[in-house]
Amino acid sequence: MNNTVLELENISYKYKNDLILNKINLKINAGEKIALLGKSGSGKTTLISVLNGTIKPTQGEVKLFNESFEELDRKQKSKITTIWQDLRLIEDLSAEQNVNCGLLAENNFYFAFKNLLNISSFKKAHKYMKLCRLHNSIYDKKIRKLSGGQKQRVAIARSLIQESNILLADEPFNNLDPKLIKTIKNLLLENVDVNKTKKSPKTALVALHRLDLLNDFDKVIGIRDGKIFFNIKRDNLKKIHLEKIY
Amino acid sequence: MNKLKLNYTSLSFLPILVCIPLGYQLINNIHFGGFRLFQEFLISAFNPKIDNEIIITVIKRLNETILIGFFSWLVSIIFGAIFGIISSNIFYKIFNIPNFFYSIIRFFLTIIRSIHEVVWGIILMQIYGINFSIGIIAICIPYIAVNSKVFAEQLETIDYKSFESINQINAPKFSSLLSLIWHPIINTFQNFGLYRLECSIRSTVILGLFGIGGIGTSIFLSFQTLSFRELWTYLWSLAILIIFSGLILKKIKFNTTNKILSIFFIAVFFITILFSFSYFLYFIFNNNSENFNSVSSLFKSSSDLGLFDFLKLILETIILSLLSTGIAISLPPLVIGIFNNNSSKIFIKIFAFLLRLIPTPVILLTLLTFNNPSLSLAALSLGLHNAGITSKLLFTNLDSQDKRNYIAMKSLGISKKTSWLLGLFSQQAKSYLAYCAYRSDIIIRETAIVGIIGSIGLGWQLQESLSSFAWQEVTIVLIAYSSIAIVGELINGKIKNSLT
Ligand SMILES: Nc1ncnc2c1ncn2[C@@H]1O[C@H](COP(=O)(O)OP(=O)(O)OP(=O)(O)O)[C@@H](O)[C@H]1O
Ligand SMILES: [Mg+2]
């Protein structure tokens, strides 16, 4: 069962004179859980931004379901959900309003309006916030008044509420304590069945720094200076691989 | 003594040097003919006329003022927000509109804003005759443009990345726009929009001086007939109106979680938009423009305004702005610093309040009782009125400032004035100057008012050209005004940037 979901063909990204991504080739198959390793500044965030279509590569092609990104309409690109390293929440809105923003795409203008006026039903948002261990007391708190870990989980809830099958997550475990990390990891990699229905398994690419969290992933990709150094099954990961990228 | 160092503190005091040429001209122009009038003017402040008749007039006139002030405020704040949105970066990013349109709309708003509401008012009056709604329209035109600038500035602070995150999941554009701008808009309305009501009441009063109606018209008429006791009845009732509206507005807090209130505001929003549009159309089609028959009259009317005269008028206007700005910047810290004790402070505060309360033209007319009309006198009136405004800000900031440095310096035996200067004011100087830079934008526009009344500069020419229906001259004067104001705004923008 090797149907490719996302594919990068010979991707390079140049910013001013710096080559930030250098001729990257990558295939992500349905259901794969991939960990993306690399030291700080190696290009993980940039790679994720290319994968979700926020950054247009200088060279090369991005394909989603074997179709070139250029030809895909925005609706199809939006099948990908992203947890950003810098979260990108709307600071002035409350936690639940931000989580609801994840639903803007599948709803009309009236929903956005109701969300801002607090007259929409927040049931779905509350469900996902509960899953992320966020308590009632912070539902209507503004983002700028939350702790680092709470903000992190609001961003995660906003991503989960999209119930998307393709997840890109950029260091999603930042600011979380060990117990929360375990809970969140299970949610992201769908080791718990949120909707109690059987669906096709989630495809996930997660950038992370913690090597002790690798055991739920199928594959590990190592990146350094904008180049992929290895792309292997997790079981094959050796110390020598890590020495190359760190 | 040390050499004078240029820092923010000394820069706040330096502009007082304008008093040298100013004082020279004023002293040369002094006359004692009107001294008794001036005395009467002052005494009447404590003895305003109060009887049934005048109270009825006051109520009627105040109603008109509130009506014009309130509606022009409401319309200008709502359309200001709308124009603010469509002249903000984020709008162009979300809808992918070429930046070209962004520059055009910004330029257009800058021009509209550069012309004072009084100028709009007298032009519209000349075209349509005196009419109640002209007051509202004349205030709305520049106010919409001013408000839109403030809204747009606040919207520029939105983090582009939070837009990217919504955009990536393909949210509908209007939903993204609304979610992103919602809070900046509400905050700006709270912090800036409410205060604009006071501005629009003041503008209504000034337009009233030119005959539009409301309390301003009564103030002007009573001054003309030298009925100072009546004059003060009107002025004090205006003071009460301004103080009360300020107190009420301070109480208003927007609770966006209150559904009924939110729905009420949304309803007001849409009704205002609908009503303004339909009223505007009604106004255009139901008012014959008596004196402005066609655009072609712009080109037909000949102008006998020579280039040299014209340049002289521009120069006068610029000097007028500079002199008034000098007074508005330096007078408040100087007076507050010199008379630095509690009883003087109260006196200064009352005086500053009066300077804010009394419209600039009335200040000018009062000063004319013992001084011949001159550029300096016009500058003094405009400068004093604005000093009333800058000193309010300075007082507020000084009062809320941490006083430990000041107390420490005093306890070291440093004199009270020096401690005030180095321990208190020096920490305020930078933000005070930044505010003054913003204020001088306004002063440049307000030169029109004193110009018209005091026969100075472009304001005078505008009046002349209007009364002889020389539309071409009017256009030239407006372009000149606009250019001065725009150049001023650019320079002040640079100054503000270097101060923040
Ligand atoms: N907006 C930008 N403008 C210019 N250069 C950038 C920008 N964003 C990233 N870079 C550069 O691109 C390179 C890769 O950055 P990237 O953010 O992808 O690294 P990263 O692997 O995510 O690092 P970290 O683990 O610290 O998040 C870095 O050298 C960085 O300086
Ligand atoms: Mg990163």
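Which residue forms a salt bridge with K149(B)? In this predicted model, the partner is E489(B), and the closest N and O atoms of the pair are 3.5 Å apart.

Let's step back and look at chain B as a whole. The domain assignment splits chain B into domain 1, made of 9-47 + 294-500, and domain 2, which covers 49-292. Their contact draws on 36 residues from domain 1 of chain B and 34 residues from domain 2 of chain B. Measure from C-alpha centre to C-alpha centre, and the two domains lie 24 Å apart. Between them, about 3500 Å² of area gets buried, with carbon and sulfur atoms giving 75% of that. On the domain 1 side, L357(B), R445(B) and W471(B) lose the most area to domain 2, together 16% of what that side buries. The rule also finds 2 salt bridges across this interface.

Now head for the start of chain B. Here L6(B), Y8(B), L11(B), L14(B), L17(B) and I20(B) make a nonpolar surface patch of about 560 Å². One of these, Y8(B), sits in helix α1, residues 8-13 of chain B. Y8(B) counts as partly exposed because its relative accessible area is 33%, which falls between the 20% and 50% cut-offs.

Over in chain A, take a look at I161(A), found in the loop between α6 (148-160) and β7 (166-170). I161(A) has 0% relative accessibility, so it counts as buried. Leaving out residues up to four places away in sequence, I161(A) touches V99(A), G102(A), L103(A), K124(A), A125(A) and Y128(A). Take A125(A): 36 residues separate it from I161(A) in sequence, yet their C-alpha atoms are 6.9 Å apart in space.

How values were computed: Residues numbered from 1 in each chain as written. Chains lettered and ligands numbered in written order. Predicted model: local features only at pLDDT ≥ 70, side-chain atom pairs only at ≥ 80, totals over all residues. Heavy atoms only, no water. Patch = residues over 30% accessible without salt bridge, like charges linked within 9 Å, V, L, I, M, F, W, Y side chains within 5 Å. Areas by Shrake-Rupley, 256 points an atom, 1.4 Å probe, with all protein chains shown as cover. Salt bridge = Lys/Arg side-chain N within 4 Å of Asp/Glu carboxyl O. Helix = DSSP H or I, 4+ residues; strand = E, 2+ residues; numbered from the N terminus. Buried < 20%, exposed > 50% of the residue type's maximum accessible area, 1.4 Å probe, protein only. Contact = heavy atoms within 4.5 Å. Domains from an automatic or database assignment. Buried area = accessible area lost by both parts, 1.4 Å probe.
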